[in-house]
Amino acid sequence: RSTLFPYTTLFRSATAAPTLLRGPYPTDLNPTKAQPGMPDAPLSALGYTRLGDLVPSHSSVGWGSFQVNKHWYEHGFMIAGQHYSNGVFAHAPSDVRYHLERKYSFVEGCVGLNDQDNGHICGDGVNFHVIVDGQKKYSTHQKGGQKVKCFKVDVREAETLQLVADHIIDKECDEAEWIEVKLYEDPIVDC
């Protein structure tokens, strides 16, 4: 196994078979949002898997159930007046985990709290955490009515991805959403 670029693996075992379909090649992400030390990759060269296409190895939510591409009974999400069609819903306190099989370079997406039907902003917000192999790589605090905050985290050689949304004191309106989350695969050449 050798590397062609810091983010590209040249060789992988010929027996490694993908278990999920790849998404189309991305053109809509801004690599300037990278976390410190995270290499920028030519996104046009990378395939990705949407988070909602993976089956969590573990999920627990504070209220209701874990949902993909919908909030309660409505398709899509509404955060700060902006509609998003893709993501996962996990009411805080929540803990959702995925087994990554060391096949991704980085994960990129956004977090936010769903708007309330009446436009009323309530609760004291949620702390979002991205944890990779047990180490916290990204954290942010979001309150209702705020625009999404986006992240990009290195997951090269990672086995597990854990997405946590912690309530503060008040659990009211802690409708945590992970929006447009994509796991980018290493561009590989099988020999």
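## Close-up views of strand S13 and its surroundings

**View 1. Strand S13 and its partner S14 in the predicted model.** In strand S14, the residue that pairs by a bridge with Asn127 is His141. Phe128 likewise has a bridge partner in S14, namely Thr140. Altogether 7 bridges join S13 to strand S14, which spans residues 135-142, and the two strands run antiparallel. The pair forms a hairpin with 2 residues between the strands, and Asp133, which lies in the turn, has a positive phi of about 50°.

**View 2. Strand S13 between its neighbours in the open sheet.** S13 is also joined to S16, again antiparallel and through 7 bridges, and in S16 the bridge partner of Phe128 is Ala165. Phe128 therefore has one bridge partner in S14 and another in S16, while 6 of the 7 residues of S13 are buried, so that this strand is largely enclosed by the rest of the structure. The open sheet to which these strands belong has 5 strands in the order S4-S11-S16-S13-S14, with antiparallel pairing. Strand S4 (58-60) and S14 stand at the edges with a single partner strand each, so one side of each is left without a neighbour in the sheet. On average, and with direction ignored, neighbouring strands of this sheet are turned by 10° against each other.

**View 3. The surroundings of Gln142 in strand S14.** Gln142 has a relative accessibility of 0% and therefore counts as buried, the cut-off for this class being under 20%. The side chain of Gln142 reaches the backbone oxygen of Lys147 at 3.0 Å. When neighbours within four places in sequence are left aside, the residues in contact with Gln142 include Val111, Gly112 and Leu113, together with Gly125, Val126 and Phe128, and also Lys147, Val148 and Lys149.

**View 4. The largest nonpolar core and another core apart from it.** The largest nonpolar core comprises 29 residues, and those with the most contacts inside it are Tyr98, Val130, Phe151, Leu161 and Trp178. At least two residues of this core are supplied by each of the strands S11 (94-99), S12 (104-113), S13 (126-132), S15 (149-154), S16 (160-167) and S17 (176-185). Another core, of 7 residues, lies apart from the largest one, and among its members are Ile79, Tyr84, Cys110 and Val148. As general background, nonpolar side chains in soluble globular proteins tend to be buried together.

Terms used
Residues numbered from 1 in each chain as written. Predicted model: local features only at pLDDT ≥ 70, side-chain atom pairs only at ≥ 80, totals over all residues. Heavy atoms only, no water. Core = buried A, V, L, I, M, F, W, Y, C linked by side-chain atoms within 4.5 Å. Buried < 20%, exposed > 50% of the residue type's maximum accessible area, 1.4 Å probe, protein only. Helix = DSSP H or I, 4+ residues; strand = E, 2+ residues; numbered from the N terminus. Pairing = 2+ DSSP bridges. Axes fitted to C-alpha atoms, helices over the stretch in contact; angles between N-to-C directions. Polar contact = N/O pair within 3.5 Å; in protein donor to acceptor, adjacent residues only side chain to side chain. Contact = heavy atoms within 4.5 Å.
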